[in-house]
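Thanks for coming. Please pull up the sequence and the model, and keep both in view while I talk.

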Amino acid sequence: MAETAVGPIPAKDRILLGLVPATLLFIADQVSKWWILEQIQLPRLGRIEISPIFDLTMVWNYGVSFGLLKAGSEWERWGLVVLSGVISAVFAVWLARAERRLTALALGVVIGGALGNMVDRIRYGAVADFLDFSGLYFPYVFNVADAAITIGAAVLFLDLMFNDPKKARA
């Protein structure tokens, strides 16, 4: 049987297929945050207008996606760090058992994003968000890790909805 992008994946390739995008996205996220925080110094400037649809706007997110579960204290902050670590570990176990390439890729993308935001919480106590597409009526400021988590979760959802796991085992 010929392998496809969504077809069965050999056991030896599972981890690698998820680790490569996880590593690349983690690095891209951390480099973009370093550039924004240390080189551009966006926290000092607050906002840089780039175009009618895109700006760089500094926002510290003390919660999770869309500001939910705001951490108002140190123990809540560390609780979110632990939660991110546990979710990443659960997804890593799922990655080790993934039967399809698309599943492994999507899990790797989510893991890379989750670890990027987890590092922010450890270093700064909050997540650095700065990509602002409010000119497109998108009301949230986000970062590379947030985009990775959202895209990875959407691909994972679609993969689970439209690719029958029984077909992957056949």
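Start at glycine 125. This glycine comes right after helix α4. Its phi is positive, near 85°. Helix α4 itself covers residues 101–124, so to speak the stretch just before. It has 24 residues and reaches 35 Å from its first C-alpha to its last. That is close to the 34 Å expected at 1.5 Å a residue, where the expected span is 1.5 Å times one less than the number of residues. Helices here are DSSP runs of H or I with at least four residues, strands are E runs of at least two, and both are numbered from the N terminus.

Two housekeeping points. This is a predicted model, in which local features need pLDDT of at least 70, side-chain atom pairs count only at pLDDT 80 or more, and totals for chains, interfaces and linings use all residues. Residues are numbered from 1 along each chain as its sequence is written, and side-chain values use heavy atoms, with hydrogens and water left out.

Now the overall layout. The chain has 6 helices and 4 strands. From the N terminus, the elements run α-α-β-β-α-α-β-β-α-α. Of the 170 residues, 38% count as buried. Buried means under 20% relative accessible area, exposed means over 50%, and partly exposed is in between, with a 1.4 Å probe and protein chains only. Take contacts between residues at least 6 apart in sequence: 68% of them join residues at least 24 apart. A contact means heavy atoms within 4.5 Å. The chain exposes about 9800 Å², and carbon and sulfur atoms supply 70% of that. Accessible areas come from the Shrake-Rupley method with a 1.4 Å probe; for residues, only the protein chains shown count as cover.

On to the sheet. In what order do the 4 strands of the open sheet stand? The order is β1-β2-β3-β4, with antiparallel pairing. β1 (47–49) and β4 (141–142) stand at the edges with a single partner strand each, so one side of each has no neighbour in the sheet. Two strands pair if DSSP finds at least two bridges between them.

Look at β2, residues 55–61. β1 and β2 pair in the antiparallel sense over 3 bridges. A hairpin of 5 residues joins β1 to β2. Glutamate 49 stands opposite aspartate 55 in β2. With β3, strand β2 pairs in the antiparallel sense over 5 bridges. There, leucine 56 stands opposite leucine 131 in β3. Why is β2 largely enclosed by the rest of the structure? Because 5 of its 7 residues are buried.

Next, charges. The structure holds 5 salt bridges. A salt bridge is a side-chain nitrogen of Lys or Arg within 4 Å of a carboxyl oxygen of Asp or Glu.

Arginine 47 is one to click on. Arginine 47 forms a salt bridge with aspartate 55, the closest N and O atoms being 2.3 Å apart. Arginine 47 also forms a salt bridge with aspartate 132, at 3.9 Å between the closest N and O atoms. That second pair links distant parts of the chain: arginine 47 is in strand β1, aspartate 132 is in strand β3 (residues 127–132), and they are 85 residues apart. Arginine 47 counts as partly exposed because its relative accessibility is 42%. Aspartate 55 is at 8%, so it counts as buried. Aspartate 132 is at 5%, so it counts as buried.

Now lysine 33. Its side chain meets that of aspartate 120 in a salt bridge, 2.9 Å from N to O. This pair also links distant parts of the chain, from lysine 33 in helix α1 to aspartate 120 in helix α4, 87 residues apart. Buried or exposed? Lysine 33 is buried, and so is aspartate 120. Asp29, Lys33 and Asp120 are linked in a network of salt bridges.

Stay on α1 for the surface. Ile27, Val31, Trp34 and Trp35 make a nonpolar patch of about 420 Å². Patches are made of residues with over 30% relative accessible area and no salt bridge; like charges are joined within 9 Å, and nonpolar side chains (Val, Leu, Ile, Met, Phe, Trp, Tyr) within 5 Å. Isoleucine 27 is found in helix α1, residues 11–39. Isoleucine 27 counts as partly exposed because its relative accessibility is 45%.

Last stop, tryptophan 94. This residue lies in helix α3, residues 74–97. At 29% relative accessibility, tryptophan 94 counts as partly exposed. Which residues is tryptophan 94 in contact with, leaving aside neighbours within four places in sequence? They are Thr103, Leu107, Leu156 and Leu160. The C-alpha atoms of tryptophan 94 and leucine 107 are separated by 7.9 Å, and the two residues are 13 apart along the chain.
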